[in-house]
Every structure is written in structure tokens, then in C-alpha cells.
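Let's take a walk through this model together, going from helix pairs to the core and then to a few individual residues. Keep the 3D view open as you read.

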Amino acid sequence: MTDPGWHEDAVIYTLDVKTFNDSNGDGWGDFQGLIEKLDYIDELGVDCLWLRPFYPSPLRDNGYDVAGYRDVDDRLGSLADFREFAEKAHERDIKVLTDLVFNHTSTDHEWFQKAREDPESKYHDYYLWTSHVDDAYNTVNIFPEYEDGVWTYDDVAGKHYFHQFYHHQPDLNVANPAVRDEMYDVLRFWLDQGADGFRIDAAHPMLQAKGHNGTTEGVWIFEEMKDVVRAEKDHAVLLAEADDQPDELDYYFADGNAFDLMFNFVLNAHMVYGLGVRDTWPLHRADEILPDISHVGQWANFLRNHDEWNLLKLPQEALEHAREHFGPEDGSSWIFGRGHRLRLADLLDGDHDRIAMAHSLLLSYPGTPVILSGDEIGIGSDLWLEERESVRTPMQWDDSENGGFSTADREDCYNPPMVGNEFSYEEINVAEQQGDPDSLLSQVQRIVETRQEHPVITDGDFHIAETGHKDVMVHRVDTDDTAFIFAHNFAGDYRESVLQWEVPDADTTKELGPGGYHVEDGGVTFLLDPYDYVWLHGDKSHWD
């Protein structure tokens, strides 16, 4: 029987099946290809996989434009392939989260096609329509560079339909009980197929004002979801993508009755910005503005995801600085007025020591860490690709054709493998780094292993120290019996930092990292070369 709290100690790895590994040479990653790479994922040390959408889709938005909720896109395999994958993942004690998009569907979905063709059908009320668009509720579209607004005219229905995302993604009417019943049946279906929980896409827009009258819904929708999944599997979890204002974030947990986990967009913007500009003040600010959710749920912390690096939670001055500081001078990486379509390696100058230190910082924070596939080897972005596809290039396994992702012609791959720069698969790949103890991959493996050895870090009390250096981050995590101190040097120069925290030498052990330290007169001094990090662990009963 699985512990319902398994997610609290988990390390999550996220990937897109269609860009991970192609087993049949058609240029598309598939579930059989993913099965072939489960040993790699297991060796990385993670214990949960979050799979991005793999459902039937016209793929105008990377699969987040779902055309069918109860099947696998046949280019990626079959339902039987998914079940085999889930079974083999579970054999390795790896849990499986799937991505579900309930805010909207594709216009290709049969629900929408029936809705537009017959205003008397039940499906018409699955969506939000108006015959008087000038009088209807209006707001800014989530993709302002590509959409003029949130209403689009459908010439078959003879009405406008509401969409917060692209015009080919009509919002579902989540206030309709029939729609919610459909959603809950989808949850049950995938749990029965082997899923252990779900990342709920666009949880914040699901509750936003919708339709002609701008009607809003409450968190009770997610409470109902929680009841449904826990009735099916008592260990099933819900992970929220809810990029709301900091003081609103605890709402989505509903006092522990809704989401179990929530992506920490606030920490993400501040942590990566701080790492990039070599300054710790953003981390101090994030600590100040984040709500305490310790009694209702847990953060899912991350460095990068498969979308743009969203900077809206930074102060305006820092956001403007980040727009100019990161990315090419021509501004080609800036998108949607809110972030860069770059990967972590781009943001940290491709420096593997910096990238390893960033992962150490991520995994030293309380919460559930989430690692984006490819970040563990330093894959970069391809700005020749449109929009956010720049950060969705295939996994780079070796230096053979297409980086070992596929035997298909390059032009037949879902997205072309990276070539012609410092991040190309000839330069950056798994095979080159495996077995090299100094490689980025090996460092990330050690960081994950150490985190897994100390699961109490997940929910300890968090404190940031004053180090005397703006580019040295030292924090402490206290649990009932133990204490940990973590030091990270953001600078490209040597730093020495003295702290007066009481740290008895005899009861202090170094758990991880290339950095040095010594204890004298009860205080601890960190000796940190460029981008060094160090984890210390001790018996709390002897620490002040």
C-alpha cells in the first residue's frame, strides 16, 4: 500500500513523450521509447514522472489543445503502451503524474464540434457563448501577442465563443455540472490506467471570470476533484499550475481539501533571476512574500519548465532589467511581455558548475523539487523555433544522428534536434557525461541522491542567514531532530563567509558539495570557490 504522503518526499522529473525517445524511427518520441529509458530515469534518482499531454491533439499548442481526453495520440503509442509504461515505472517505485487540461479543449474536440453545430445539444452548454459580444465581459488574452481578445466568432454557431488562451482553445464552462462530471470521469479513467495523480493545467484561469457575464467559480471545484481521486486511489495527488498573486496562493489548497502541491512560480522567478544576476536579494524577497502553506499543502519548486520563464512576480524594475540582461540583444527570446523563451543553460551561460549549483540550491529548499528533462545535462534553447517550442527540443542521448533521439530524417522529427552551436547534441549529450564523476549529470545525480537520503528537508523550518556577501546564499532547515545548513556561492570569484550560528564541530558532517568549511568558536566559516556549494548536517540538540 502506497503512503498517501509520498509526494512530500518525492523528486519529480518532467518530460514530453514526443521529444524524449523515438522507438520506431518516425521522428516522434513514444511510450515504447520512454520505456526504453526508464533505467536512465531510475539512475537519475527521481521517484516521480510528470508527463506532459500525450492525448489526441492537432498540436497547435504542444498538446495543451486536447482533442480527446481518454486516449493516447496514435503517433505516441496506444493505451496499452501507456499501461505498460505505468506498470514498468511502478516496478521501479516511480510514480506517474499525467497532465490534464480542463480549462479548455481544442476546437477539434468532438464536444466543440457538436456544440457549434447544434445549439440545442447538451454540448453547446459545455462552452461559453454570446450573441452580443459588445455587451459581453471582456479581459486581456493570456497570449496578447497572438490574440486580439477573448472572444472569437464561429460562423457555424453564428455566435462568439470565449477563450482565455488561443482562439483554437475554447474555454470549457466549468460551472456546468455536466462538464464537471466529464472531468471527474476523465480523472477516474486515467487512475484506472495507472496514473498516480495529475498536474492540473491552468488552475488559475479555471476560476477566473468567464463568459458573457464574467462569472467566477470557487475552489470547491478542486475540492470535488480531490474527493474523486482519493476515492479511487488513496495515494493519488493533485498538483496545481496556479500562477496567481502571492497572497492568493493558499486559497487553492482549501485548508488541505483541494490541491496537495502547487508550482512555486514566485520562488522560480526570484531564484533564477538571483542566480543569473549573482545576487541573493530576490531570494530574501521571495521568502518575505510567499504565504505559509505548511499546514495545508506543499510547494513544487522548479528552476525551469517547458514554457517561457515567467517574470511577472518580480518587482517591475527587476523585470525590466531581466528583459535586457538575459537573452540575445535582438530581444528574440522575449515573449508575451512577461518572460524569456530560454532554458536554464542559456540563462546561466552554459556553465555546468553554475547549473549544478542551481540544482543544489533547488533541492536544498523545503518542498518538492521538479527537474525539467535535459536540464540535468545542460540542454539549451533553439530560438529558430516558434514561440515556446524553443525550449522543447528533443532529448540529447549521444553524438549520433539526431542526438540518438530518432533514426528518422531530421526534418521528420517533431522538433529538430539542436545543431550548430555550443548546445548541439555533438557537444551536450547523456553518453558523454555518464560515468564522468565531474560531469553535470553526475553532479545532479549526487544532489538528488543526497536529497533522497534526507527527506526531512522537505518540511523543515526555513531560515536565511546574512552572509556579508550579496552573492553568497546561506540558509538553514531545522527539523525536530536535525538541522541542515546550505551554502551556495553565486559569484564567479572566491568567497569566504563567516556565520555565528552555533555549530559544534564534532556533531557536524558534510553531506554534499565541493565547497569547504571549518568550525571555530562555535561559528562556521564557508570557503567557497566560484559556484561552490556545500551541505552540512548536524544533531539539532547541540546546535543553537
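Start with helices α12 and α14, where α12 passes α14 in a right-handed crossing. Keep in mind as you look that this is a predicted model. Helix α12 covers residues 352–363 and helix α14 covers residues 440–453, and they pack at an angle of about 10° with their axes 9 Å apart. Angles under 35 degrees count as roughly parallel, and α12 and α14 are therefore roughly parallel to each other. On the α12 side, the contact is made by His352, Asp353, Ile355, Ala356, His359, Ser360 and Leu363. Facing them from α14 are Leu440, Gln443, Val444, Ile447, Val448 and Arg451. Sort the residues of this contact between α12 and α14 by character and you get 7 nonpolar, 4 polar and 2 charged.

Now swing over to another helix pair, α5 and α7. Helix α5 runs over residues 177–193 and helix α7 over residues 220–232; their axes come within 10 Å and cross at roughly 30°. Here too the crossing, of α5 past α7, is right-handed. From α5, the contact uses Arg180, Met183, Tyr184, Leu187, Arg188 and Leu191. From α7 come Trp220, Ile221, Glu224, Met225, Val228, Val229 and Glu232. What is the make-up of the contact of α5 with α7, in nonpolar, polar and charged residues? It divides into 9 nonpolar and 4 charged residues, with no polar ones.

The third pair is α8 with α10. Helix α8 (residues 265–277) and helix α10 (residues 316–325) have axes that come within 12 Å and cross at roughly 55°. That angle makes α8 oblique to α10. As for handedness, α8 passes α10 in a left-handed crossing. The contact takes in Tyr273, Gly276 and Val277 of α8, and they meet Ala318, His321, Ala322 and His325 of α10. By character, the residues in the contact of α8 with α10 split into 4 nonpolar and 3 polar, with no charged ones.

Next, the interior. The largest nonpolar core has 148 residues, and those with the most contacts inside it are Tyr13, Ile41, Leu51, Phe85, Phe222 and Met225. Helix α8 turns up again here, since it supplies the largest share of this core, 8 residues. Apart from this core lies another one, of 13 residues, among them Ala487, Val524, Phe526 and Leu536. Now zoom in on Leu51. Setting aside residues up to four places away in sequence, Leu51 touches Leu15, Val17, Phe31, Leu34, Phe82, Phe85, Val96, Leu97, Thr98 and Asp99.

Follow the chain into the loop between α8 and α9 (281–289), and you'll find Arg278. Most residues other than glycine have a negative phi. Arg278, though, has a phi near 60°, a positive value. Is Arg278 buried, partly exposed or exposed? Its relative accessibility is 28%, so Arg278 counts as partly exposed. Thr280 lies in this loop between α8 and α9 too, but at 6% relative accessibility Thr280 counts as buried. Leaving out neighbours within four places in sequence, Thr280 is in contact with His469, Lys470, Asp471, Val472, Met473 and Phe490.

From there, jump to Ala491, in the loop between β17 (482–489) and β18 (495–499). Ala491 is buried, with a relative accessible area of 2%. Beyond residues up to four places away in sequence, Ala491 touches Arg278, Asp471, Pro530 and Tyr531. Asp471 is also one of the contacts of Thr280. In sequence Ala491 is 216 residues from Leu275, but in space the two are 8.8 Å apart, C-alpha to C-alpha.

Two more stops. Phe336 lies in the loop between β12 (334–335) and β13 (339–340), and its phi is near 60°, another positive value in a residue other than glycine. Phe336 is buried, with a relative accessible area of 4%. Finally, Gly33 is found in helix α1 (residues 31–36). At 0% relative accessibility, Gly33 counts as buried. Not counting neighbours within four places in sequence, Gly33 is in contact with Asn21 and Ser23.

Notes. Residues numbered from 1 in each chain as written. Predicted model: local features only at pLDDT ≥ 70, side-chain atom pairs only at ≥ 80, totals over all residues. Heavy atoms only, no water. Axes fitted to C-alpha atoms, helices over the stretch in contact; angles between N-to-C directions. Helix = DSSP H or I, 4+ residues; strand = E, 2+ residues; numbered from the N terminus. Parallel < 35°, antiparallel > 145°, perpendicular 65-115°, else oblique. Left-handed = near helix turned anticlockwise from the far one by under 90°. Contact = heavy atoms within 4.5 Å. Nonpolar A, V, L, I, M, F, W, Y, C, P; charged D, E, K, R; others polar. Core = buried A, V, L, I, M, F, W, Y, C linked by side-chain atoms within 4.5 Å. Buried < 20%, exposed > 50% of the residue type's maximum accessible area, 1.4 Å probe, protein only.
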